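Let's work through a few exercises together, one step at a time. Have the sequence and the 3D view ready, and try each task before you read its solution.

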Amino acid sequence: MSTRRRIGVMGGTFDPIHHGHLVAASEVQALFGLDQVIFVPTGQPWQKSHAEVSPAEHRYLMTVIATASNPRFTVSRVDIDRPGPTYTIDTLRDLRAELPDDELFFITGADALADILGWKDADLLWELAHFIGVTRPGHHLSDKGLPEDRVTLQEVPAMAISSTDCRARVADGEPVWYLVPDGVVQYINKYCLYTGRPCGAPPVDPLRVRVISPAPKAVPSQGDQ
Ligand code: ATP
Ligand code: MG
């Protein structure tokens, strides 16, 4: 019997993470018998400019908050800790290196699946993971031009939610309750995200613990003794 674990990989900007992402991941986890789904917030996405995207640490922490209660969900920092723009080929290579014995399933919405052939090193992606394209309201799900044996199309419960719409709602003072998890609403309010207003909340970066290897001990020279 195979002991290879089946690992889902859900990449995204997650600015912010919303219930459309969570429902898609949960549905695919159950239908494909995945042991785990790893959410991977992008570093700087190559499709979006810096100005458009919130700092990676905020997006990472919102993803952690949103997934914390599900024992099958985890979050990886591979993309946000790698300098430069995020390409899916690098995400999959890094995860493959971390999990050499596991089978990877990359979960992606209909909009992103349609773009996949234009991604960097698209033809190499198929060797690293099986792709699961999920339905998304407003987008047509098709595997035209993609290798049949490496891509599966999957219908998931329709959630007409997008991060773009959530950001616009916050900017306009409209509620995002029930579109994103409660903890994410509170996080957005705490850090005044998407309002363009300065905020009194403490910065997130200093909270990160960095492991720094101890400096080598100075060897006393003869003259010091
Ligand atoms: P933005 O509007 O900022 O682009 P988004 O809502 O599209 O945000 P992303 O972080 O870009 O969210 O998406 C990450 C992945 O989740 C993509 O593969 C996307 O297709 C998928 N996805 C996003 N929203 C949904 C949804 N409502 N239903 C199914 N899949 C979704
Ligand atoms: Mg998107």
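**Exercise 1. Find polar contacts of ligand 1.**

Task: Which atom of R136 is 2.9 Å from an oxygen atom of ligand 1?

Solution.
- Step 1. Start at R136: an N or O atom in its side chain is 2.9 Å from an oxygen atom of ligand 1. A polar contact is a pair of N or O atoms within 3.5 Å; within protein, one must be able to donate a hydrogen and the other to accept it, and residues adjacent in sequence count only if both atoms are side-chain atoms.
- Step 2. Go on to G109, where a backbone N or O atom lies 2.8 Å from an oxygen atom of ligand 1.
- Step 3. Now look for a nitrogen atom of the ligand: one is 2.8 Å from a polar backbone atom of M159.
- Step 4. Widen the view. Ligand 1 is surrounded by 21 residues, and the closest are G109, D111, M159, S163 and T164. A residue counts as near a molecule or strand if one of its heavy atoms lies within 4 Å of it.

A word on the ground rules: this is a predicted model, in which local features need pLDDT of at least 70, side-chain atom pairs count only at pLDDT 80 or more, and totals for chains, interfaces and linings use all residues. Residues are numbered from 1 along each chain as its sequence is written, chains are lettered from A and ligands numbered from 1 in the order in which they are written, and side-chain values use heavy atoms, with hydrogens and water left out.

**Exercise 2. Follow the strands.**

Task: In which sense do β1 and β2 pair, and over how many bridges?

Solution.
- Step 1. Strand β1 covers residues 6–12 and pairs with β2 in the parallel sense, over six bridges. Helices (H or I, at least four residues) and strands (E, at least two) are DSSP runs, numbered from the N terminus; two strands pair if DSSP finds at least two bridges between them.
- Step 2. Check two places along this pair: I7 has Q36 in β2 as its bridge partner, and G12 stands opposite P41 in β2.
- Step 3. Look for further partners. β1 and β6 run parallel and are joined by five bridges, with I107 in β6 as the bridge partner of M10.
- Step 4. β2 also pairs with strand β4 (residues 73–75), in the parallel sense over three bridges; here I38 stands opposite T74.
- Step 5. Add the helix: β1, α1 and β2 form a right-handed β-α-β unit. Right-handed means that, with the strands pointing away from the viewer, the path from the first strand over the helix to the second runs clockwise.

**Exercise 3. Look inside the core.**

Task: Which residues touch the most other members of the largest nonpolar core?

Solution.
- Step 1. This core has 32 residues, and I17, V28, V37, F39 and M62 touch the most other members. A nonpolar core is a set of buried Ala, Val, Leu, Ile, Met, Phe, Trp, Tyr and Cys residues joined through side-chain atoms within 4.5 Å.
- Step 2. Among the elements that give two or more residues to this core are α1 (19–31), β2 (36–41) and α2 (56–67).
- Step 3. Take V37 as an example. Leaving aside its neighbours within four places in sequence, V37 is in contact (heavy atoms within 4.5 Å) with residues including M10, A25, Q29 and I107.

**Exercise 4. Judge two polar side chains.**

Task: Is R59 buried or exposed?

Solution.
- Step 1. R59 lies in helix α2.
- Step 2. R59 counts as buried because its relative accessibility is 1%. Buried means under 20% relative accessible area, exposed over 50%, and partly exposed in between (1.4 Å probe, protein chains only).
- Step 3. A polar atom of the R59 side chain lies 2.9 Å from the backbone oxygen of T42.
- Step 4. Compare Q29, placed in helix α1: at 16% relative accessibility, Q29 counts as buried. The Q29 side chain reaches the backbone oxygen of L34 at 2.8 Å.

**Exercise 5. Spot backbone details.**

Task: Which residues are joined by a cis peptide bond?

Solution.
- Step 1. The cis bond joins D15 and P16, with omega about 0°. P16 is in the loop between β1 and α1.
- Step 2. Turn to D121, which has a positive phi of about 50° although it is not a glycine. At 30% relative accessibility, D121 counts as partly exposed.
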